[in-house]
Structures are given as C-alpha cells and as structure tokens.
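The following paragraphs lead the reader through a protein structure, from its strands and helices to individual residues. Please keep the sequence and the coordinates in view while reading.

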Amino acid sequence: MITPAGIRALLPHRYPMLLVDRVLSVDDDGIRSVKAVTLNEPWYARLGPSPAAADFAYPDFLLIESWTQTAGLLALHQDAGRADGRTMLFGSLRDVQFHRQVFPGEVVEHHARLRRAVDETVIFEGGSRVGDDPVLTVGAITVAFRPQERLDPRHAGAASG
C-alpha cells in the first residue's frame, strides 16, 4: 500500500498540483486511488459572486493530471529505482473520453493499469468513476523517464559529484 507520506515521497508535485488524495490499492492488476474535489481548491477562486452551475465543473485537464499522477505512482511503486535521478515526463495520450463533468463534493476514483513498459517508457490505460458513473476513459497514456541532468543543468553537478 502507498501511504500519504509515500505519495509525497514518490511524486514531486505539491500544493496545489498534488491531485491524488489516497491510494486504495496497488497490486499486479494496477492501482486505485481517489481525488476528492472540493470547493476550496484554487481553480474555483476565480468564480465571481453569481457563478452558473456549469462554472463549478472540475477542469478536464486537472482530471487527466490527477489520473496521470495515479499512473505515475504505479510506475514508481513497481520500480522505485526508476525514479532515482530521473524525471517523469508526460508523453502522449490517446483515446481519451470524458463521460460527464465532476463537481465539488464528489470523490473521483481513478484506476490505472500498466499496459506495456519498454526501458524508460511506460504505457498505461484505465479510467475514472464517481460512484458507479464513469467520468473518464483513458485508452493509453505514455510516460517517459529521463535523467534529470539531461533536463535541468542544475542536476548535472550532483550526478557527477
């Protein structure tokens, strides 16, 4: 199981972009996590005094980001060495469908499965639900791990010294 401290240890994300609240399970079949959408999140601060009901929809890109963080947790949990000195990069997504919007007060359950791993590139599939309602289907998301020193020259000295 991945604890809240484990989530923070595996992912570099912090407030307001750490979008996984809890891991429910992680095993050979994949990972299940939850993200509770709350009205207190910074994306709702822009709403004026009389927003329309549709204005409260959780942004689709944040739903994908939360799901992708869940998939990243699976990759890092299965091969903790993969993260050593490496940065996880989002590569591409395919066959993504949004089934309905998510609103504050709802708890999204993400599930991700490893479809394929080749060297430093990992492909996931899965989706998200609120209760019994599907909200997101992910056909494939590709994540690549690259050495930090190749992406950020500040890490070059640490890697050699």
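In which sense do β3 and strand β6 pair, and over how many bridges? The model, which is a predicted one, shows β3 and β6 (residues 133-147) paired in the antiparallel sense over 11 bridges. Within this pairing, S92 stands opposite T142 of β6.

This pair belongs to an open sheet of 6 strands, whose order is β1-β2-β4-β5-β6-β3 and whose pairing is antiparallel. The edges of the sheet are formed by β1 (22-27) and β3 (86-98), each of which pairs on one side only. On average, neighbouring strands of the sheet are turned by 20° against each other, direction ignored. Helix α2, comprising residues 60-78, packs on the sheet and touches β1, β2 (30-36), β3, β4 (107-118), β5 (121-130) and β6. The direction of α2 makes about 50° with that of β4.

At the other edge, β1 and β2 form a hairpin with 2 residues between them. Their antiparallel pairing extends over 5 bridges, and R22 stands opposite V34 in β2. One residue of β1 that merits attention is S25. Is S25 buried or exposed? Its relative accessibility is 18%, and S25 therefore counts as buried, since the cut-off for burial is under 20% relative accessible area. Apart from residues up to four places away in sequence, S25 touches M1, G30, I31 and R32.

The sheet and its helix may now be placed in the whole chain. The protein contains 4 helices and 6 strands, and from the N terminus on its elements run α-β-β-α-β-β-β-β-α-α. For 161 residues, a compact globule would have a radius of gyration near 15 Å, and the 17 Å of the protein agrees with this. Taken along the principal axes, the C-alpha atoms fill a box of roughly 55 × 35 × 30 Å. The accessible surface comes to about 8,900 Å², and 52% of it belongs to carbon and sulfur atoms. Among contacts with a separation of 6 or more, 62% are accounted for by residues 24 or more positions apart.

The interior can be considered next. Of the 161 residues, 37% count as buried. The largest nonpolar core has 34 residues, and those with the most contacts inside it are I31, Y58, W67, L73 and F124. Two or more residues of this core are given by each of β1, α2, β4, β5 and β6. Which element gives the most? It is α2, with 9 residues. Among the core residues named above is Y58. Leaving aside neighbours within four places in sequence, Y58 is in contact with L19, K35, V37, E41, W43, Y44, L63 and V102.

V102 is also among the residues touched by V130, whose place is in strand β5. V130 counts as buried because its relative accessibility is 11%. Besides V102, the residues that V130 touches are R100, E106, V107, V108 and V135, not counting those up to four places away in sequence. V108 lies 22 residues from V130 in sequence, whereas their C-alpha atoms are 4.9 Å apart in space.

Some features of the backbone remain to be described. Most residues other than glycine have a negative phi, and most peptide bonds are trans. Where does the model depart from these tendencies? A cis peptide bond joins Y15 and P16, with omega about 5°. P16 lies in the loop between α1 (4-10) and β1. A positive phi of about 55° is found at D95, although D95 is not a glycine. This residue has its place in strand β3, which is one of the edge strands of the sheet. D95 counts as exposed because its relative accessible area is 53%, the cut-off for exposure being over 50%. D119 likewise has a positive phi, near 50°, and is a residue other than glycine. The position of D119 is in the loop between β4 and β5, and with a relative accessible area of 70% it is exposed.

Note on methods: Residues numbered from 1 in each chain as written. Predicted model: local features only at pLDDT ≥ 70, side-chain atom pairs only at ≥ 80, totals over all residues. Heavy atoms only, no water. Pairing = 2+ DSSP bridges. Axes fitted to C-alpha atoms, helices over the stretch in contact; angles between N-to-C directions. Contact = heavy atoms within 4.5 Å. Core = buried A, V, L, I, M, F, W, Y, C linked by side-chain atoms within 4.5 Å. Buried < 20%, exposed > 50% of the residue type's maximum accessible area, 1.4 Å probe, protein only. Rg over C-alpha atoms; globule rule 2.2 N^0.38 Å. Areas by Shrake-Rupley, 256 points an atom, 1.4 Å probe, with all protein chains shown as cover.
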